[in-house]
Amino acid sequence: MAKNGSSSRRLWFVAHSWIGLPIWAFLFFVCLTGTIATVSQEIMWLADPATRANPPSDDARPLGYDDVMAAVEQQRPGARLRELTQPVKPQFALIVEAVTPDGEQQTYYVNPYDGTIQGEQSWFDFRQFIRALHGWLLTPFNGGYAIGWYAVSALSIPLMGSLVTGIVIHKKFWRLYRNPRLRISKGARVFWGDLHRLVAVWSLPFIAIISVTAMWFLAEAILYANNVTVAATPPPAVLARDAVPTVERGEAPPEVSIDAAIAAIKEKHPDFSPGFIKVPETAYGHVTVYGRGAYPLIYEEAKVDPYSNEVARSRMVSDRTALEFVTESMRPLHVGDFAGLWLKLVYFLFGLMLTGMVLSGMLIWMKRTASATRAVIRDVTVPRPFPEPAE
Amino acid sequence: MSALAARWRRWRFHLSALALIVPLGFAPGYFRQLSLEDGSVGLGERTIGVQRLGRWKATLAEFAVGPPVVEGPAGPIKTFSLALESVAVDDVKAAYLKIGRPRSIRSAGALFEGAPYRQTAGVAVPADANGDSEVWLTLEGWDGSIEQASLPLSEASPSTAAWLAARAK
């Protein structure tokens, strides 16, 4: 490695070592939990059969959302729907959040073909937990971003630093693409060094994506703390008083139709594909539907008046400013959930590689430091004025 | 070099593993917050009591005990939760809460959001509120009828009243 012993390269090398080493264990933890988080939904799919969507027959077709809602209410009398998630992949059951008459919010996994509640989420939501553990170390949000959010997203700086210094040290890194080198028989130190470099060159774009998007998460929190908003978020839409009907005493209030709301959106935006539906939070609220259109990185949003079934407001990809286009693409780029299972597995694999690089980086240093320390101890022959106390 | 110093030299680089104490320490609070949000521990941290408004009944609670939380430019916000009881579940169109007496239904305060069994509202704490202020609950029926009730802020949220009293000093 030290063929070219120029002092500036040596300096970069020292910088590269020192950027990662003091924080390696923390970085390792964040990389590992992040890697698990990319496939947390799939882990739940494997662990809990209730989260899977099995068609009762080959020619079965999914129910409309209104029928799903009616089926849920029939199975859990009085339950009021709040949110419904239509997973991107057809192998997953619908996720329905509802509040039961005892005031508890429940998450049901509902079969999209017959509306059967296949299972209820227990108190422990693995996906939510692993995200909170990775993203903000479970620290609380009290009127601002959690302190753990800053700690984790600030790791993007040393991560980017490692990337840049690593490239500077190995200016001809691209040679490794054509001549990969992994020496197994020359000792652990050489092996870990080769592995570290080999994995690094292959995951350069991934590390760049993860660190840049994480830097945005840090910037986002800092901007929020200083009351600066990038996205022009309009004030919450509330229906006018006279837009909400009045009914005679004793008569049932008007019912909300999710299918009609989606039909209204699709009439205006034929490409729109619903992914997440929120029923009105109040009598003066809208049905809000989030979904992805032609550009998969950005969630589009439409609000529908539940009484007239007219689209009251929509934020489609084309409504975004260039800046919003970039900032709103950051999260999907970070988590890799926008193209299906194959991309999640790619993210998982590169996540493992990045986690392994943190570990191998530490091992390389420890092996080098250990031998250097031994050398130092061996060289010390000057007798000391006082004998060291025996341990 | 002593063995202790050598050990320090070797192990100091693993000190960042201590960061893992953070999620461990915050885990109980994280799970407590989740069970508060999903209602499994009840309406809120502190139940204020059943309010009677005409033919309707509703239970009011402090979502979390403690002073208001300052949320950006919106200023201090205190969150309450509400459960509509029996006929009110289907009869009531909207519920509002305000610190201070509302002049009309259009200024009835924060609108409760969520299912009738458990809804929450973030109530703005006005600049002129003090420890003696009153909290006004307004229920609006689907038939257009309106019922109101009030209670002292010191009863609705002793911690908010204490916070306001301290602010006045």
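**Sheet architecture and the chain A–chain B contact**

In chain A, strand S2 (residues 94-99) and strand S3 (residues 105-110) are paired in the antiparallel sense over six bridges. Within this pair, A:Ala98 is placed opposite A:Gln106 of S3(A). The description given here refers to a predicted model.

The S2–S3 pair belongs to an open sheet of eight strands in chain A, which follow one another in the order S4-S3-S2-S1-S5-S6-S7-S8 with antiparallel pairing. The edges are occupied by strand S4 (117-120) and strand S8 (310-315) of chain A, and because each of these has a single partner strand, one side of each is left without a neighbour in the sheet. On average, and with direction ignored, neighbouring strands of this sheet are turned by 30° against each other. Helix H11 (residues 258-268) of chain A packs on the sheet, where it touches strand S5 (273-278), strand S6 (287-292), strand S7 (299-305) and S8 of chain A, and the direction of the helix makes about 55° with that of S6(A).

Between the two chains, 42 residues of chain A are in contact with 42 residues of chain B. On the side of chain A that touches chain B, at least two residues each are supplied by helix H2 (24-38), strand S1 (80-85), helix H5 (126-136) and helix H14 (341-379) of chain A. The largest share of that side, five residues, comes from H14(A). In terms of residue character, the side of chain A that touches chain B is divided into 23 nonpolar, 11 polar and eight charged residues. Strand S1 of chain A thus appears both in the order of the sheet and among the elements that supply residues to the side touching chain B.

Methods: Residues are numbered from 1 along each chain as its sequence is written. Chains are lettered from A and ligands numbered from 1 in the order in which they are written. This is a predicted model: local features need pLDDT of at least 70, side-chain atom pairs count only at pLDDT 80 or more; totals for chains, interfaces and linings use all residues. Two strands pair if DSSP finds at least two bridges between them. Helices (H or I, at least four residues) and strands (E, at least two) are DSSP runs, numbered from the N terminus. Axes are lines fitted to C-alpha atoms, for helices over the stretch in contact, and angles run from 0 to 180 degrees between N-to-C directions. Two residues are in contact if their C-beta atoms, placed from the backbone, lie within 7 Å. Ala, Val, Leu, Ile, Met, Phe, Trp, Tyr, Cys and Pro count as nonpolar, Asp, Glu, Lys and Arg as charged, and the others, Gly among them, as polar.
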